[in-house]
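Reader: I'm new to this one and would like some help reading it. Could you walk me through a few features, starting with the general idea each time?

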Amino acid sequence: MTIMRDGKYITEGDFRDMDMSTIISHMVGREIKEKFPRVQCQKGKPIFEVRNLNAGRMVRDVSFTSYEGEILGFAGLMGAGRTETTRAIFGVDPRESGQFFLDGREIKINKPMDAIRQGVVLAPEDRKRDGLCTKLSIRSNIELPNLDISSGKGGVVNRRKVTEMVAKAKKEFEIKMPNDEVDAGSLSGGNQQKLVVSKWLARESRVIIFDEPTRGIDVAAKVEIYNLMNQLKQRGISVIFVSSEMPEVLGIADRIIVMCDGRITGELDIEEATQEKILEMATRFENKLTADQMPQQAHN
Amino acid sequence: MEEKKQNPVKKVLSARGVGQVVTVSIGLVILCVIFNFINPSFLGKRNLPNLLRQIAPWIIIGIGQGYVLITANIDLSIGSVVGMSCMIIATLICNGAHPVPAVLVALVACLATGVLNGSLVAYFKLPPFVATLGTQTICRGVAQLVNNNMNTDGITGAKFGAAAKTMTNIFYYQKTLGVFNTFWIALILWVIFNFILAYTRTGRHLYAVGSNTEAAKLSGVNVAMTIIKAYLVSSFCAFVLGLIVCSQTSTGTTNAGMSYETYAVAASVIGGISTMGGTGILSGVLVGASVWAAMDNGLQMIGTQVGLKNVVVGLIVIVCVLLDVIRRTGMIGRRKK
């Protein structure tokens, strides 16, 4: 096996002689102490509550509450309706019903801008498709969702404010880049993902939803994302973490909601959660798929 | 990370879209020098004002097409909207209307076309090529219908002939500060729309939608509204050009503005506004329009046949797009896919 990093040859060795941690440390260039860093926080008051959310077949009567000082994990198999749930919350896809409460007050979300203004934001699943304007600069990408802050009444953009915002986002998260004018699409996967998240760090968000934030990025970048989620948690921001990778949900989340076939099928505190329990909940409806449900699913 | 101090000249050159504009500008200068060498009256006192006036139409519709191209769409209805605008104004004046309401009616009709184009593309998700091809035909049809498929009489002979005469002077024949008004109109439009594109929220939205519609939506951009705005700008520019064409000829001609949409695409594309969306700056339209008009005028000045002229101009468009593609694919090659 040959290990490369940053376009350079690092080392080579027989597959049998290397264990996971050696491989990782060569890949990253330093020792990764913890694969899943965990920070303990006091669970505080409820921040964000979703009540009876219905949006198409993939989001059926979803209700949950997220609390201060916790990372709320969403586990489930592919196609369990988690991404659809996040999109419905964020106002991207239309919903049939559902109420949202932020810090005890009901908020209306009908389009993404409503959610953004009120501090509920989404770092979407597929960064190339949904997360970034890859042809635009890093600066433009960070600027885009925050134009309501950086532009005045007439819509003229205040460049100084944007520069401040980009600096703030950059400080929170070390994105490796030559300068902030390079194409977002030229960044590595990990840095692109960091950029998707850092768009939301430039403003005061209350709830940040991470949809599969670690898919297809390297180990070091994954740990940075986990660390960031922990920091946000410590700051009292509600972190909602959707992931299909069971070990990382178990390693990072404080509470886990399991979805199957568009419905919430269980909720587990991290102390009681195991892979087996999650899997059992995640496949609850799998064997109950009746014949009349099948064409419907194919349609979706 | 430490920021390296950049040479200010270098910084400007490395800014988005400037590269192509600089390259084409150099080409333009060389072109002008060659034409002037062959025929020294090319940049002479008599031809220069004409040349500037010939640039104006391509700047005006180049702006409109540029806006639409930046959102990764295309507007093929521009030429017909020019014709519709021209015919509505001329027909109304010839039937005894004052030029002011006549122009306003044309404006409303053109803006309605813009909304229609934008809505078809944004809400009904029609491919922009097909949607605007449809409106292209419709608008040409309207241009023919308003005066029973005939060109109008001279507008200066109508009831408000004097006012019409003033209109033709203001929009085509008069000069301000030694330059024809038509060029100033184009320049003013360019300044306004360049400001909107480069310095306002709407401008940022246009680029975002053109780069990645889904990401723009998830960043809180109202995608449909942004696309409609782009088509509105396009139709508005076409309306202005219709007014200018009407002033130039003092009549309404049913085939006014025929195939102008392709010229608008050429002006934008030569100036580096990619048809793929999300890239390019409006300065490119100035340069692109200049190249277009300089070729048109210059080849005529040195006595080239019309057919040959078209061949050369067409080749230049292809070369410009090719250069753009080569540059882009060069970049893609270095990038991880």
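Reader: Let me start with one side chain: is A:Arg87 buried or exposed?

Author: Before we begin, keep in mind that this is a predicted model. The idea is to look at the relative accessible area, where under 20% means buried. A:Arg87 has a relative accessible area of 15%, so it is buried.

Reader: Which residue does A:Arg87 meet in a salt bridge?

Author: The general idea first: side chains of opposite charge can pair when their charged atoms come close. Here the partner is B:Glu214, with 3.2 Å from N to O. A:Arg87 sits in helix H2 of chain A and B:Glu214 in helix H10 of chain B, so this pair joins two chains.

Reader: How many salt bridges does the rule find across the interface of chain A and chain B?

Author: Two. Over all chains, the count by this rule comes to 21.

Reader: How do I get a feel for the interface itself? What area do chain A and chain B bury between them?

Author: The size of an interface is often given as the accessible area lost when the parts come together. For chain A and chain B that comes to about 2,700 Å², with 51% of it on carbon and sulfur atoms. In terms of residues, 41 of chain A are in contact with 30 of chain B. The rule also finds 12 residue pairs in polar contact across this interface, both residues being at pLDDT 80 or more.

Reader: Which helices of chain A supply at least two residues each to the side that touches chain B?

Author: Helix H2 (82–90), helix H3 (112–118), helix H4 (127–131), helix H6 (147–150) and helix H7 (159–172) of chain A do. H4(A) gives the most, with four residues. Sorted by class, that side of chain A has 19 nonpolar, nine polar and 13 charged residues.

Reader: Can we look at a residue on the chain B side? Where does B:Lys217 lie?

Author: B:Lys217 lies in helix H10 (residues 213–218) of chain B. Its relative accessible area is 28%, so B:Lys217 counts as partly exposed. Leaving out residues up to four places away in sequence, B:Lys217 touches A:Val92, A:Pro112 and B:Val223. For a sense of distance, B:Lys217 and B:Phe239 are 22 residues apart in sequence and 30 Å apart in space, C-alpha to C-alpha.

Reader: Back to charges. Which side chain meets A:Glu70 in a salt bridge?

Author: A useful habit is to ask where each partner sits in the chain. A:Glu70 pairs with A:Arg255, at 2.8 Å from N to O. A:Glu70 is in the loop between strand S4 (59–67) and strand S5 (71–76) of chain A, while A:Arg255 is in strand S11 (residues 255–260), 185 residues apart, and the pair links distant parts of the chain. Both residues are buried.

Reader: And what about A:Asp130: which residue forms a salt bridge with A:Asp130?

Author: That is A:Arg129, with the closest N and O atoms 2.9 Å apart. Check the burial of each partner separately. A:Asp130 is buried, at a relative accessible area of 4%, whereas A:Arg129 counts as partly exposed at 49%. Salt bridges can also link up: A:Arg57, A:Arg60, A:Asp261 and A:Arg263 form a network of them.

Reader: Now whole elements. Why is helix H8 of chain A described as largely enclosed?

Author: Here you count the buried residues in the element. In helix H8 (residues 189–198) of chain A, nine of the 10 residues are buried, so the helix is largely enclosed by the rest of the structure. Among them are A:Leu195, A:Val196 and A:Val197. The buried residues of H8(A) pack against strand S8 (120–123), H4, helix H5 (138–143), H7, strand S9 (207–211) and helix H9 (219–234) of chain A.

Reader: How many residues of strand S2 of chain A are buried?

Author: Zero of the five residues in S2(A) (residues 8–12), so the strand lies largely in the open. To see its pairing, look for bridges to another strand. Four of them join strand S1 (residues 2–5) of chain A to S2(A), and the two run antiparallel. A:Thr2, for instance, stands opposite A:Glu12 in S2(A).

Conventions
Residues numbered from 1 in each chain as written. Chains lettered and ligands numbered in written order. Predicted model: local features only at pLDDT ≥ 70, side-chain atom pairs only at ≥ 80, totals over all residues. Heavy atoms only, no water. Contact = heavy atoms within 4.5 Å. Buried area = accessible area lost by both parts, 1.4 Å probe. Salt bridge = Lys/Arg side-chain N within 4 Å of Asp/Glu carboxyl O. Polar contact = N/O pair within 3.5 Å; in protein donor to acceptor, adjacent residues only side chain to side chain. Nonpolar A, V, L, I, M, F, W, Y, C, P; charged D, E, K, R; others polar. Buried < 20%, exposed > 50% of the residue type's maximum accessible area, 1.4 Å probe, protein only. Pairing = 2+ DSSP bridges.
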